[in-house]
Protein chains: 4
Amino acid sequence: MSQPRFGAGLWHFASYVDRYAVDGYAPPVTTLEAIARAGEVGDLSVVDLNYPFTPGVGLDEVKDALKEAGLAAIGITPEIYLRKFGRGAFTNPDKAVRHATYDLIDEAAGVVRELGADYVKVWPGQDGWDYPFQVNHHDLWKLAVDGIRQVASPHPDLKFAIEYKPREPRVKMTWDSAARSILGIQQTGLDNVGVLLDFGHSLYGGESPADAAQLLIDHGLLYGMDVNDNLRSWDDDLMVGTVHLTEIFEFFYTLRINNWDGVWQLDQFPFREDTVDTARTSIRFLKALHRALDELDYDGLREAQERQDPIAAQRLVQDALLSCMRSDK
Amino acid sequence: MSQPRFGAGLWHFASYVDRYAVDGYAPPVTTLEAIARAGEVGDLSVVDLNYPFTPGVGLDEVKDALKEAGLAAIGITPEIYLRKFGRGAFTNPDKAVRHATYDLIDEAAGVVRELGADYVKVWPGQDGWDYPFQVNHHDLWKLAVDGIRQVASPHPDLKFAIEYKPREPRVKMTWDSAARSILGIQQTGLDNVGVLLDFGHSLYGGESPADAAQLLIDHGLLYGMDVNDNLRSWDDDLMVGTVHLTEIFEFFYTLRINNWDGVWQLDQFPFREDTVDTARTSIRFLKALHRALDELDYDGLREAQERQDPIAAQRLVQDALLSCMRSDK
Amino acid sequence: MSQPRFGAGLWHFASYVDRYAVDGYAPPVTTLEAIARAGEVGDLSVVDLNYPFTPGVGLDEVKDALKEAGLAAIGITPEIYLRKFGRGAFTNPDKAVRHATYDLIDEAAGVVRELGADYVKVWPGQDGWDYPFQVNHHDLWKLAVDGIRQVASPHPDLKFAIEYKPREPRVKMTWDSAARSILGIQQTGLDNVGVLLDFGHSLYGGESPADAAQLLIDHGLLYGMDVNDNLRSWDDDLMVGTVHLTEIFEFFYTLRINNWDGVWQLDQFPFREDTVDTARTSIRFLKALHRALDELDYDGLREAQERQDPIAAQRLVQDALLSCMRSDK
Amino acid sequence: MSQPRFGAGLWHFASYVDRYAVDGYAPPVTTLEAIARAGEVGDLSVVDLNYPFTPGVGLDEVKDALKEAGLAAIGITPEIYLRKFGRGAFTNPDKAVRHATYDLIDEAAGVVRELGADYVKVWPGQDGWDYPFQVNHHDLWKLAVDGIRQVASPHPDLKFAIEYKPREPRVKMTWDSAARSILGIQQTGLDNVGVLLDFGHSLYGGESPADAAQLLIDHGLLYGMDVNDNLRSWDDDLMVGTVHLTEIFEFFYTLRINNWDGVWQLDQFPFREDTVDTARTSIRFLKALHRALDELDYDGLREAQERQDPIAAQRLVQDALLSCMRSDK
C-alpha cells in the first residue's frame with residue numbers, strides 16, 4: 001500500500017515549560033519558527049496549528065510560512081487551556097469564561113476555513129475536576145455536552161474533532177475515553193462532531209487503542225488520530241515506537257483493515273531533545289511499521305483471531321514486526 | 001432518612017481459592033451454609049445468589065434456607081465464568097459454548113422468577129482477551145452485544161443487570177466501564193437491560209464512581225450497585241470504608257441527591273477473615289456513612305459545587321464524614 | 001499530646017505554570033510575597049524556601065520578611081530542576097552542569113547556615129531518564145550517589161535531606177523510593193544525609209507511606225516529611241485529607257508510635273485555588289487528625305496488629321478517625 | 001554468543017484455578033506429567049520444581065522423570081503460599097505457622113541437594129498485609145528478615161533466591177522491590193541469599209527491569225531471573241515478547257553487558273492456552289532476541305548512553321530488534 005501522509009501538531013516543534021522548569025526547557029519558539037522546523041523534517045505534509053498564533057503573527061504570514069515549508073493545515077487547535085480557562089473552558093463555573101470559549105473556537109473555525117483545514121480540534125484539557133465532591137457530575141457533563149453543541153452547530157460545514165484524555169492538566173478530565181466521547185457526541189445530536197484519538201491517551205487510560213479505534217470507526221466518528229508513546233500511567237508524549245511496539249502495530253493494523261486512510265500524525269513533546277530529529281526518528285519508525293503492515297499475513301491472522309488464538313496471532317505478528325527494519329528495504 | 005436495606009452477594013460467605021492457594025483459604029462452603037451465615041450477620045435483607053447452587057441442593061431447599069435466615073433474593077448470578085466458559089461466555093469463539101451461556105442464563109431467569117428476585121446479574125468475567133492481536137475487536141464487541149440481546153429479549157418481564165469490570169479474570173474485559181456499558185445496552189435496543197455498578201471496579205478502572213453512578217442514573221440504567229474497597233489498581237474486594245472514605249461518601253451522596261433508593265449491597269471477598277464479622281464491620285461503617293449523609297449541609301454543598309469550589313466542599317464533607325462514628329449515635 | 005508545629009514549602013504560596021497553561025494559572029509571586037502569604041495562614045511556624053530567591057531579593061530582605069511573618073526557615077531547596085538542569089543535575093551527562101549543581105547546592109548550604117535552617121533539601125527531579133536504553137544504569141546510579149557525596153561531605157555540620165519521587169518531571173527518576181534512597185545513602189558513607197518523605201510521592205509510587213516512614217525511622221534517616229494528597233497514579237499535590245484519609249492517619253500514627261516529633265509540612269500545589277485558604281483548610285484537617293491520634297485506643301490497636309487482625313484494627317481506626325471533626329473540639 | 005540455556009518453572013505446565021474458575025481452566029496435572037510436558041518443549045534444559053510434589057510422587061520418580069525428559073532441576077520452590085500459609089509464611093502472626101514455614105523450606109533444601117539444583121527459591125507471596133493499619137510495619141519487616149536468616153543460615157552451602165513481587169496473592173507483599181530486597185538481604189548478614197528477578201514483577205511494580213537487574217548485579221545478588229509479560233498493573237504472566245518488546249530487550253542487553261550468564265527462564269501462566277505451545281512460542285521469541293543482541297552496535301549504543309541520547313540509542317535498538325526475525329537467519 002502506498003505511503004501514508006504524515007503530520008504533526010505544531011507544538012511538536014515548540015519549546016516547553018512545566019511546573020518545575022518554569023524558565024522552559026529551551027528558548028521560546030514562534031509560530032513561524034515552528035512551521036519552518038516542521039518543514040525541515042522532510043516527510044511531513046500537514047500540521048495542526050495552535051491558535052492564537054504568537055502575538056504579532058498574522059494569518060497571511062502563517063499561510064506563507066506553510067507554503068514555504070511545503071505544508072498544509074490539517075486542523076486548528078484553539079488554546080482553551082491557558083490561564084483564562086484554568087478552571088475550565090466549556091465547564092467553567094463562570095458563564096463569561098464559557099462564552100470566551102465559544103468565541104475563541106468560533107474564531108478558530110474561521111481560521112480552519114481560511115487555511116482549508118479539515119477540522120477544529122477541541123481539546124478541553126481544563127474541563128473536569130480536581131477533588132471528590134468538587135462538582136455536581138450531572139451539571140458538569142451537561143455543560144460539557146451543551147458546550148460542544150454550542151460551538152459545532154453554527155458550522156455544519158466544518159468538522160469538530162474532540163480529543164479525549166483521562167487527566168492532565170485537570171486531575172480528572174470530562175472527555176476521558178472513547179466510549180464516553182461517543183455517548184456525549186450522540187447527546188449533541190450533531191453529525192459534524194467526532195473524535196481525534198491519541199494513542200498515548202488511550203493507552204495510559206487503560207483502553208486498548210486498537211479497540212478504541214475500532215469502536216470509533218464503527219460509529220463513524222474517527223476523524224483523526226495521533227501517536228506517541230509513554231511509560232504507562234501518564235501522557236509522557238515520547239517518540240512513537242520506543243516502548244509499546246506491539247500495541248502501536250495493532251493500532252495501525254486496525255486502521256488498515258478498516259481502510260481508514262487519514263493522516264498519521266505525531267503528538268509528541270520532546271522536552272529535552274531536538275524537535276526535528278525527534279520527528280524524523282518517529283517517522284523512520286512509522287515507515288518501518290508501514291512495511292510491516294505490508295508483510296503481515298492477513299488471512300492467517302484473521303483465522304487466528306476467529307479462533308481467538310493468541311499463539312498463532314503473535315507468531316504472525318512477530319514475523320512481520322520484527323522483520324520490518326530489514327536492510328534490503 | 002430511614003435506614004437503607006442492606007444486601008450481599010452470597011459469595012461473600014463462601015471460601016476462596018486463587019492461583020496460588022489452590023487448596024483454598026478455608027474449607028468449602030455450600031449454598032445452604034452460606035445462606036445461614038448471611039442470616040447471622042443480622043442486618044442483611046437480601047442476597048444475590050450464584051447459580052447453579054452446590055450440587056445436590058434444590059430450589060426448595062434454597063427457599064427454605066432463605067426464609068429461615070430472614071433473607072430474600074435480590075438477584076441471581078449465573079456462573080458463566082467456570083471452566084467451560086474459560087475462553088469466554090458470550091464472546092467464546094465456540095458457538096456451542098455461547099449457546100451454553102444462553103441456556104444457563106435462561107435457567108437463571110427461571111430461578112429469578114421462582115425466587116421473586118429483582119434481576120439476573122450478568123457478569124461476563126471471561127469475555128474479552130489476554131493479548132494484543134488476539135481478537136478482532138469489531139467481531140468481539142458484536143458477540144458481546146448480540147449475546148446480551150439474545151438472553152434478555154425472551155424475558156421482557158425480567159431485568160438483566162450487567163456488572164462491568166476492567167479486567168480479571170480476563171486480562172482485559174469487554175464490558176469494562178459505565179460509558180461502554182451504556183453504549184452496548186443502547187445497541188441491544190432493549191429496555192430491560194441495565195447496569196450493576198461495583199464501586200471497586202469503577203474506582204480501580206479510573207472512573208469516579210460518583211460520576212459513573214450519575215451517568216447511569218441519567219440514562220435510567222442504574223439497576224443495582226455493590227460496594228467494597230481496594231488498594232488501587234486491582235479488585236481487592238476489601239471491606240468497604242477501609243481505604244477510600246471520601247470517594248465512597250461521594251458515591252452515596254450522589255445516590256441520595258438522585259433519590260436512588262435501591263439496596264446497599266456488599267461484594268467483598270474476605271479471603272483470610274471471618275466472613276460474617278467482615279460483613280458486620282462493613283455494615284457498621286455503612287450505617288455511620290448513612291448518618292453522615294443525614295448531617296451533610298446539602299445547600300452549602302450545592303452552592304460550593306455551583307462555584308466548583310473544592311475548599312468549601314471539602315470542609316463541609318469533612319465536617320459530616322469525620323463525625324459520623326460519634327458514640328451518641 | 002501537644003499540638004504539632006506546622007510548616008510548608010514556600011512554593012505552596014506561589015503561582016504555577018504547566019505545559020499547557022504556559023501563561024500561568026495566576027500572576028507571578030515573588031519570594032517576599034510568598035512569605036507574606038505564608039504568614040497569613042496563621043498556623044505555620046516554618047517554611048522551606050526555594051533558592052535562588054526572586055531576582056533582586058537579598059538574604060536580609062528574606063530574613064526580615066520571615067520575621068515579619070512570624071516564620072523561621074526549616075530548609076532550603078536549591079532549584080536544581082530549572083532549564084540548565086533539564087537533562088539532569090547530579091546525573092547530567094555534561095560535567096559542567098554537574099559542577100553547576102554542586103555549586104548551587106553549596107550556595108544553598110550557606111543560606112541554610114545564615115537562616116539557621118535544619119537542612120538542605122535535595123530534590124533531583126530531573127535526574128533519571130525518559131526512554132528505555134537512554135542510559136547505562138550502573139553509570140547513572142553512580143553519578144547520583146557520587147553527587148550526593150560530593151555536596152554533603154564538605155558540610156558535616158549540616159543535614160541533607162533527599163526527597164525521592166517515582167517520576168515527574170523526569171519520566172523516571174533516579175531516587176524513586178524509600179528503600180532505594182536508603183541504599184544510596186548507605187553507599188555515600190556519610191551520616192549527614194537522610195530523607196524527606198513526601199506522603200503523595202510514596203502513595204502514588206506504590207508504597208505504603210506508613211511502611212516507608214517506619215523503614216526510614218528504623219534506619220535513622222527520616223529527616224523530614226511533607227503531606228498532600230492525590231487521585232492515584234500521579235503527584236497531584238492536592239490538599240491533604242481530601243482523598244486518602246485512612247492512609248494519612250496510618251502515616252501519622254506511625255510517626256507518633258515512634259515518637260517522631262518533626263514538623264508537619266505541607267507540599268501542595270493549589271494551581272486553581274487560593275493558596276492561603278488551601279493551607280488553612282489543610283491545617284484544619286491536620287488538627288482534627290491530631291485529635292484523632294489522641295483518641296485512638298493504642299493498646300487495642302497494638303493487640304489487633306499482633307494478631308494482624310484488620311477487622312479489629314479498622315474498627316478502632318474508624319472510631320477515632322470518623323469522630324475527629326466533632327464540634328466540641 | 002552461544003545460545004543461552006532455557007528453563008521454566010514447572011508450574012508453567014500445570015493447570016490453573018482462580019477465584020472465579022474454581023473448577024480449574026483444565027484438568028489437574030501431576031508433577032510427573034508436568035515434567036513430561038516440559039520435556040516436550042524441546043529447548044528446555046532445566047526446570048524449577050514446586051515442592052511438595054503431587055501426593056504419592058516420590059523423589060526417585062521425579063529424578064527418573066527428569067532424566068527421561070532430558071531436564072535438570074535448577075531450583076526448588078517450596079509452596080509456602082497454600083492454605084496453611086494464607087495469613088503469611090515468615091510473617092504469619094502464629095509462631096507455629098512460621099515454624100512450619102522453616103520446616104518446609106528445610107525439606108526443600110534437602111531436595112535441592114538431592115537433585116543437584118542451584119537454589120531454594122523463596123517466594124513469600126502471602127507475606128504482607130491487606131489493609132492499612134493491619135500490621136505493625138517494624139515488626140512485620142523484622143519477621144520477614146529474621147525468617148530468611150532462620151532458613152538460610154543452617155545451609156551455608158546452598159543458595160536461597162528471594163523472588164520479590166509488589167502484590168498478589170497478598171494485597172501488599174513484604175518483599176516488593178529490588179532495592180527493598182537488597183536492604184533486607186543485607187540485614188540478614190548472610191552471603192548465601194540473593195534475588196530471583198521476575199521481569200513482569202519488576203515491570204508492573206514500576207521499576208525498569210533493566211535498572212533493577214543492574215542494581216542487583218552491582219550488589220552481587222542476581223541469582224536468577226525469569227521472564228514473561230503483562231498488560232501493565234498486574235502480574236498477568238503472559239508469553240514473553242507479546243507486549244513490552246523494547247523493555248525485555250533492554251533487560252537482556254543489561255545482562256549481556258554484565259556477562260551475566262545464567263539460565264533464561266520462563267515464568268508464565270497459560271491459563272487458557274496449550275502450555276507446551278506457549279513455551280515454544282516464547283523460546284522462539286527469546287532466540288530471536290538473542291540474535292538481536294548479537295547484531296546490536298554496542299559501541300554506538302555506549303556512546304549514545306554516555307551522552308544520554310535517546311534518539312541515537314533508540315535508532316540502534318530498533319535497527320537490531322526489528323530485524324531479528326529475518327527469514328535468512
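This is a short tour of a predicted model, stop by stop, with something to select at each one.

**Stop 1: the annotated domain in chain A**

Select residues 59–288 of chain A. An unreviewed UniProt entry places the feature "domain: Xylose isomerase-like TIM barrel" on this span. Colour the span by secondary structure: 44% of it is helix and 15% is strand. Now pick the C-alpha atoms at its two ends. They lie 36 Å apart.

**Stop 2: A:H12**

Stay in chain A and select A:H12. Look for the loop between β1 (6–9) and α1 (31–41), where A:H12 lies. Is A:H12 buried or exposed? A:H12 is buried, because its relative accessible area is 0%, and the cut-off for buried is under 20%.

Next, show the neighbours of A:H12. Leaving aside residues up to four places away in sequence, A:H12 touches A:L266, A:Q268, A:P270, A:T275, A:T278 and A:A279. Then draw a distance from A:H12 to A:N192. These residues are 180 places apart along the chain, and their C-alpha atoms are separated by 27 Å.

**Stop 3: a cis bond in chain A, and another in chain B**

Select A:E168 and A:P169. The peptide bond from A:E168 to A:P169 is cis, with omega near 5 degrees. A:P169 sits in the loop between β6 (159–162) and β7 (172–173) of chain A.

Move to chain B and select B:E168 and B:P169. A cis peptide bond joins this pair too, and omega is about 5 degrees. B:P169 belongs to the loop between β6 (159–162) and β7 (172–173) of chain B.

**Stop 4: where chain B meets chain D**

Show chains B and D together. How many residues of each chain are in contact? The contact involves 43 residues of chain B and 43 residues of chain D. About 4100 Å² is buried between these two chains, with carbon and sulfur atoms giving 55% of that area. On the chain B side, select B:R19, B:Y20 and B:R272. These three lose the most area to chain D, together 22% of what the chain B side buries.

Turn to the charges. Between chain B and chain D there are ten salt bridges. For one of them, zoom in on B:R19 and D:D237: the closest N and O atoms of this salt bridge are 2.8 Å apart. Also across this interface, 30 residue pairs are in polar contact, with both residues at pLDDT 80 or more. Colour the chain B side by class. The side that touches chain D has 21 nonpolar, six polar and 16 charged residues.

**Stop 5: two backbone turns in chain D**

Keep D:D237 selected. This is the partner of B:R19 in the salt bridge. Its loop runs between β9 (222–227) and α8 (245–257) of chain D. Phi of D:D237 is near 50 degrees, a positive value in a residue other than glycine. D:D237 counts as buried because its relative accessibility is 2%.

Now select D:N259. This residue lies in the loop between α8 and β10 (264–266) of chain D. Phi is positive here as well, at about 55 degrees, although D:N259 is not a glycine. Is D:N259 buried or exposed? D:N259 counts as exposed because its relative accessibility is 61%, and the cut-off for exposed is over 50%.

**Stop 6: where chain C meets chain B**

Hide chain D and show chain C with chain B. The contact takes 32 residues from chain C and 32 residues from chain B. The area buried between them is about 3000 Å², and carbon and sulfur atoms give 53% of it. Select C:R232, C:I311 and C:L322. They supply 22% of the area that chain C buries against chain B, more than any other three residues.

Six salt bridges are counted between chain C and chain B. One to view joins the side chains of C:E247 and B:R232, at 2.4 Å from N to O. The polar contacts between these chains come to 18 residue pairs, with both residues at pLDDT 80 or more.

Finish with the helices of chain C. On the side that touches chain B, α8 (245–257), α9 (275–295) and α11 (310–321) each supply at least two residues. Which helix gives the most to that side? α11(C) does, with seven residues. By class, the chain C side divides into 13 nonpolar, nine polar and ten charged residues.

How values were computed
Residues numbered from 1 in each chain as written. Chains lettered and ligands numbered in written order. Predicted model: local features only at pLDDT ≥ 70, side-chain atom pairs only at ≥ 80, totals over all residues. Heavy atoms only, no water. Contact = heavy atoms within 4.5 Å. Buried area = accessible area lost by both parts, 1.4 Å probe. Salt bridge = Lys/Arg side-chain N within 4 Å of Asp/Glu carboxyl O. Polar contact = N/O pair within 3.5 Å; in protein donor to acceptor, adjacent residues only side chain to side chain. Nonpolar A, V, L, I, M, F, W, Y, C, P; charged D, E, K, R; others polar. UniProt positions renumbered as here; feature names shortened; annotations may be inferred. Helix = DSSP H or I, 4+ residues; strand = E, 2+ residues; numbered from the N terminus. Buried < 20%, exposed > 50% of the residue type's maximum accessible area, 1.4 Å probe, protein only.
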